[in-house]
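Reader: I have just opened this structure and would like some help finding my way around. Could you walk me through it while I ask questions as they come up?

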Amino acid sequence: MAYQWYPGHMTKSMRMMQENIKLIDLIIELSDARIPGSGRNPELKNLGNGKSHILLLNKADLADPSATAAWSEYYKSIGISCVFTDSRQNRAIRSLESVLLEASKEKIERNKRRGINRPIRAMVVGIPNVGKSTFINSFVGRSTAKTGNKPGVTKGKQWIRLNKNLELLDTPGVLWPKIEEDRVGENLALIGAIRDEVMDAGELAAILIGRLTERYPGCLNSRYEVDESLPVAELLESLALNRKCLKAGGEADLDKAAALLLHEFRSGVLGRMTLEAPND
């Protein structure tokens with residue numbers, strides 16, 4: 001499959017971010033804790049060189065805790081400020097304000113010396129479907145940003161005032177024009193950062209089966225009572241039959257089974273899983 005999805009609004013969004021960066025004191029970059037490396041847009045890494053930059057690895061409640069610990073150590077070792085979060089837990093999110101203000105400490109002190117009294121302005125950026133709007137709503141404590149469980153919900157910028165200390169700029173999720181590595185594209189597609197309508201669900205499910213049998217042997221057998229030693233196509237057919245994903249006449253509906261597998265992985269039904277390690 002070709003893992004490319006770069007609709008026109010992403011070009012406009014990148015241009016908008018670049019135009020607004022002069023207004024920003026701090027960049028809050030969200031990635032997905034299940035793909036902590038692949039989930040970082042290389043164009044966003046370099047957005048606003050010289051600005052304070054915090055990396056939030058969101059959806060940590062869906063990620064493998066041991067892999068999370070390894071990624072935390074990795075980012076610490078290369079000098080990147082990294083925090084793991086779950087946007088659905090308001091208490092954990094609210095505690096981030098002190099982290100963000102600490103990251104902006106030099107800017108705050110510089111403003112004080114100049115007699116400037118205004119909130120720190122943070123731009124929230126990341127790939128599609130990483131939970132930026134959910135993060136903002138949890139942080140603010142009310143529904144201010146439109147959310148959805150598919151990529152492309154946020155289409156324009158939106159300023160949101162948290163309190164007298166902090167303002168957030170919500171931005172659309174963006175990928176980059178050409179994804180060079182297939183494994184990176186696979187990871188993005190598996191967590192739903194690439195719109196499902198442009199992917200082949202059966203092929204994507206086959207990739208996921210390969211990843212899970214490699215990294216989490218036994219999980220598919222435990223959930224679906226399938227023989228993990230079967231070839232992928234036969235395993236998916238067995239899954240379809242066992243979970244009653246059937247066409248008229250009782251034939252296995254492989255597309256329905258693929259959609260079920262992808263949904264249950266993404267929602268955490270299969271367990272807490274991470275698709276890559278720092279040394280991959």
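**A first walk through the model**

Author: This is a predicted model, and its protein chain averages a pLDDT of 87, with 91% of the residues scoring at least 70. Over residues 150-154 the pLDDT is below 50, and this stretch has 19 contacts in the model beyond near neighbours in sequence.

Reader: Okay, let me start with helix 8: how many of its residues are buried?

Author: Of the 9 residues of helix 8, 7 are buried, so this helix is largely enclosed by the rest of the structure. The buried residues are Val184, Gly185, Glu186, Asn187, Leu188, Ala189 and Leu190.

Reader: And what covers the buried residues of helix 8?

Author: The cover includes helix 9 and helix 12. Following helix 8 there is Gly192, with a positive phi near 90°.

Reader: Switching to pockets, what is the volume of the second largest pocket, and which residues lie nearest its centre?

Author: The second largest pocket has a volume of about 470 Å³. Its lining is made up of 20 residues, and those nearest the centre are Gly37, Ser38, Glu181, Val184 and Glu276. Helix 2 (42-45), helix 3 (65-77) and helix 8 (182-190) are the elements that give two or more residues to this lining. Val184 therefore appears in two of our topics, since this residue is among the buried ones of helix 8 and is also one of those nearest the pocket centre.

Reader: What sort of residues line the second largest pocket, by class?

Author: By class, the lining of that pocket comprises 9 nonpolar, 3 polar and 8 charged residues.

Reader: Now helix 11, please: which of its residues are buried, and what covers them?

Author: Leu235, Leu236, Ser238, Leu239 and Ala240 are buried in helix 11. Their cover includes helix 9 (201-215), helix 10 (219-224) and helix 12. After helix 11 comes Lys244, whose phi is positive and near 60°.

Reader: I also clicked on Glu251, so where does that one lie?

Author: Glu251 lies in the loop that runs between helix 11 (232-242) and helix 12 (254-266). Leaving aside neighbours within four places in sequence, Glu251 is in contact with Cys245 and Leu246. Glu251 and Ala240, one of the buried residues of helix 11, are 11 residues apart in sequence, and their C-alpha atoms are 9.0 Å apart in space.

Reader: You just mentioned Cys245, so how many disulfides does a search of the whole structure find?

Author: The search finds 0 disulfides. Cys219 is in no disulfide, and the nearest cysteine sulfur to it, that of Cys245, is 17 Å away.

Reader: Why is there no bond for Cys245?

Author: The closest cysteine sulfur to that of Cys245 is in Cys219, and because the two are 17 Å apart, they are too far for a bond. For a disulfide, the two sulfur atoms would have to be within 2.5 Å.

Reader: Are those two cysteines buried or exposed?

Author: Cys219 counts as buried because its relative accessibility is 13%, and Cys245 counts as buried at 3%. The cut-off for buried is under 20% relative accessible area.

Reader: Changing topic again, which residues other than glycine have a positive phi?

Author: Lys59 and Asn129 are among them, with Lys59 having a phi near 60° and Asn129 a phi of about 60°. These are worth a look because most residues other than glycine have a negative phi.

Reader: Where are Lys59 and Asn129 found?

Author: Lys59 sits in the loop between strand 2 (52-58) and helix 3, and it is buried, with a relative accessible area of 19%. Asn129 belongs to the loop between strand 4 (120-126) and helix 7 (132-140), and Asn129 is likewise buried, its relative accessible area being 15%.

Reader: Last one: is Glu106 buried or exposed?

Author: Glu106 is exposed, because its relative accessible area is 62%, and its place is in helix 6 (residues 105-113). Glu106 and Ser52 are 54 residues apart in sequence, yet they are 9.4 Å apart in space, C-alpha to C-alpha.

Key
Residues are numbered from 1 along each chain as its sequence is written. This is a predicted model: local features need pLDDT of at least 70, side-chain atom pairs count only at pLDDT 80 or more; totals for chains, interfaces and linings use all residues. Side-chain values use heavy atoms; hydrogens and water are left out. pLDDT is the predictor's confidence in each residue, from 0 to 100. Contact means heavy atoms within 4.5 Å. Helices (H or I, at least four residues) and strands (E, at least two) are DSSP runs, numbered from the N terminus. On a 1 Å grid over the protein atoms alone, a cavity is a set of points where a 1.4 Å probe fits but cannot get out, and a pocket is an open set with protein on both sides within 12 Å along at least five of seven lines; lining residues have an atom within 4 Å of a point. Grid points are joined across faces, edges and corners, and a volume is the space filled by probe spheres set on the points. Ala, Val, Leu, Ile, Met, Phe, Trp, Tyr, Cys and Pro count as nonpolar, Asp, Glu, Lys and Arg as charged, and the others, Gly among them, as polar. Buried means under 20% relative accessible area, exposed over 50%, partly exposed in between (1.4 Å probe, protein chains only).
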